[in-house]
Amino acid sequence: MSIEPLSFIPSFRRANSVMNRTLSRLRQPDLAVQIHYWGFMPRHFDNTEHKHSFFEACYVLTGSGFYLEEHTKFPLQTGTLFLSRPGIQHRILSKEGLALCYVAFEPEESACSELYSAAFELLAKQGIPVLQEGNDQTPGLLWRSLLSLFASSAAGANYPPPMLHSLAESLILSILTAHGPGFDHETGGTDKNDEGAFMVHQAELFIMDNLSETLSLERVAGHLHITTRHLTRLFRNYGHQSFVHYVQEQRVQKAKNLILNTDLQLKQIAALCGFESIHYFTRVFTTKLGVTPARFRRSQFTEGRYDSDL
C-alpha cells in the first residue's frame, strides 16, 4: 500500500524539536556517532555552494530539483537519497521546493571499532552521492518510519523512548551501507598515531575550549608552536576543510545548542560563541543551517523544547 508523502509534512515541526533535543549522540559498545543536527524542511529551495567536515545525508520526501557535487549534476525527485561527504563541495537547487529530511553526523573515531572506522573511511572516499528510487531502500523506509512516530495521529502514542533511538541508529547504519561499500572491503586504514592528525586534534580541542574568544590562525598556531602555513596545510589534509570553516562550524554548533537549551538572547549567544556582531552571527548561522537564528528558535525547534511526550 502506497503512502502519500505529503501526509508526513505536518509532523516536521515536532520531529525537528524532539530529534534535536534528544538525539545528539548514538552509542553502541563498538560505535559512537555524533549527530550535529537533524532537519525536516517542508520547502527547501536553492542554497549556496559549500562543504562540511562531516557527512550530511538527505531524503527527498517530495518535490524535484538538482544536487550538484563539484562538477556533476544529479536530478532529485520524490524518493531520492543523497549524501554529502566530508570536504566535498556541493549545492542543492530547486525551483518548486523540496520536502527534505536530513541528518548531519560523523563517527567518533576514538570510540569506534576498526570495522566501523574502516567502513566510514570508505564511505568518505567512495560513497555513492545519489541513490534514485530510495523509497524502497532501507534508508527511505527508515526515514518514513521515523516520521510516522511524529504524525498527528500518533503524537500521543505511548511508545518507549528507546524505540526512537533504535530507529535513528538503524538509519545511520543503513546510510553507511546503502551509500558505501559496507563492511566487506579491506582497507589499509590510517595511522591513528600520525603526527599530523594528532596536531589537528590538539588544535580542534583548543578551538572548542575557546570559542567565546578570538580564534585567529596565528593564535592557534602559536598554541601548537607551529607556523600558520603548517597549520593551514594540516587542516586541509586532515580536517577535510579550511581552518576558518572549521571554526565557524564549531561556533554555529555551540550557538545551535544554546538556542535549543537556553533562553538567552540571541545577542548574548552570539557573544558567547565568539561572533563579533549579531549581524555576522546571523549571516554565518543562516549560511550553515539554511535558516536564521531567530526563525530557528521561533518556528522550527524550540516550540517542543519542553514537550514531555518523550
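How much area does the protein chain expose, and what share of it do carbon and sulfur atoms supply? Show the surface first: the exposed area comes to about 15,300 Å², with carbon and sulfur atoms supplying 51% of it. Keep in mind as you click around that this is a predicted model.

**The whole chain**

Switch to cartoon. You should be able to pick out 11 helices and nine strands. If you colour by accessibility, 50% of the 310 residues count as buried. Contacts here often join distant parts of the sequence: among those with a separation of 6 or more, 73% are between residues 24 or more positions apart.

**Stop one: the six-stranded sheet**

Select β1, β2, β8, β3, β6 and β9. In that order they form an open sheet with antiparallel pairing. Now look at the two ends: β1 (25-28) and β9 (130-131) are the edge strands, and each has a single partner, so one side of each is left without a neighbour in the sheet.

Next, highlight 55-62 and 98-107. These are β3 and β8, an antiparallel pair joined over seven bridges. For a landmark within the pair, show the side chains of Phe 55 and Phe 105; the latter, in β8, is the bridge partner of the former.

Add residues 138-148 to the selection. This is helix α3, which packs on the sheet and touches β2 (31-44), β3, β6 (81-84) and β8. Turn the view until you can compare the helix with β3: their directions make an angle of about 75°.

**Stop two: the three-stranded sheet**

Now select β5, β4 and β7. This is another open sheet, again antiparallel, with the strands in the order β5-β4-β7. The edges are β5 (72-76) and β7 (90-93), each of which pairs on one side only. Neighbouring strands in this sheet are turned by 20° against each other on average, ignoring direction.

Zoom in on β4, residues 65-69. Its antiparallel pairing with β7 runs over four bridges. Where does Tyr 67 find its bridge partner in β7? Click on Ile 92 and you have it.

**Stop three: His 50**

Move to the loop between β2 and β3, where you'll find His 50. Is His 50 buried or exposed? Although this residue is in a loop, His 50 is buried, with a relative accessible area of 17%. Which residues are in contact with His 50, once neighbours within four places in sequence are left aside? Show Ile 88, Gln 89 and His 90 as sticks, and you have the set. Then add His 52: its side chain makes a polar contact with that of His 50, at 3.5 Å.

**Stop four: two positive phi angles**

Two residues other than glycine are worth a look for their backbone. Glu 133 has phi near 55°, a positive value. You'll find Glu 133 in the loop between β9 and α3, where it counts as exposed at 67% relative accessibility.

Then jump to His 225, whose phi is also positive, near 60°. This histidine is in the loop between α6 (217-224) and α7 (228-238). With 73% relative accessibility, His 225 counts as exposed.

**Stop five: the cysteines**

How many disulfides does a search of the whole structure find? The count is zero. Try Cys 101 as an example: the nearest cysteine sulfur belongs to Cys 58 and is 9.3 Å away, and Cys 101 is in no disulfide. Cys 101 is buried, its relative accessible area being 0%. Select Cys 112 as well, and you'll see another buried cysteine, at 9% relative accessibility.

**Last stop: Gln 253**

Finish in helix α8 (residues 243-261), where Gln 253 has its place. At 11% relative accessibility, Gln 253 counts as buried. Which residues are in contact with Gln 253, leaving aside neighbours within four places in sequence? Show His 36 and Tyr 37 to see the partners. Draw a distance between the C-alpha atoms of Gln 253 and His 36: the two are 217 residues apart along the chain, yet the separation in space is 7.1 Å.

How values were computed
Residues are numbered from 1 along each chain as its sequence is written. This is a predicted model: local features need pLDDT of at least 70, side-chain atom pairs count only at pLDDT 80 or more; totals for chains, interfaces and linings use all residues. Side-chain values use heavy atoms; hydrogens and water are left out. Two strands pair if DSSP finds at least two bridges between them. Axes are lines fitted to C-alpha atoms, for helices over the stretch in contact, and angles run from 0 to 180 degrees between N-to-C directions. Contact means heavy atoms within 4.5 Å. Buried means under 20% relative accessible area, exposed over 50%, partly exposed in between (1.4 Å probe, protein chains only). Accessible areas come from the Shrake-Rupley method with a 1.4 Å probe; for residues, only the protein chains shown count as cover. A polar contact is a pair of N or O atoms within 3.5 Å; within protein, one must be able to donate a hydrogen and the other to accept it, and residues adjacent in sequence count only if both atoms are side-chain atoms. A disulfide is a pair of cysteine sulfur atoms within 2.5 Å.
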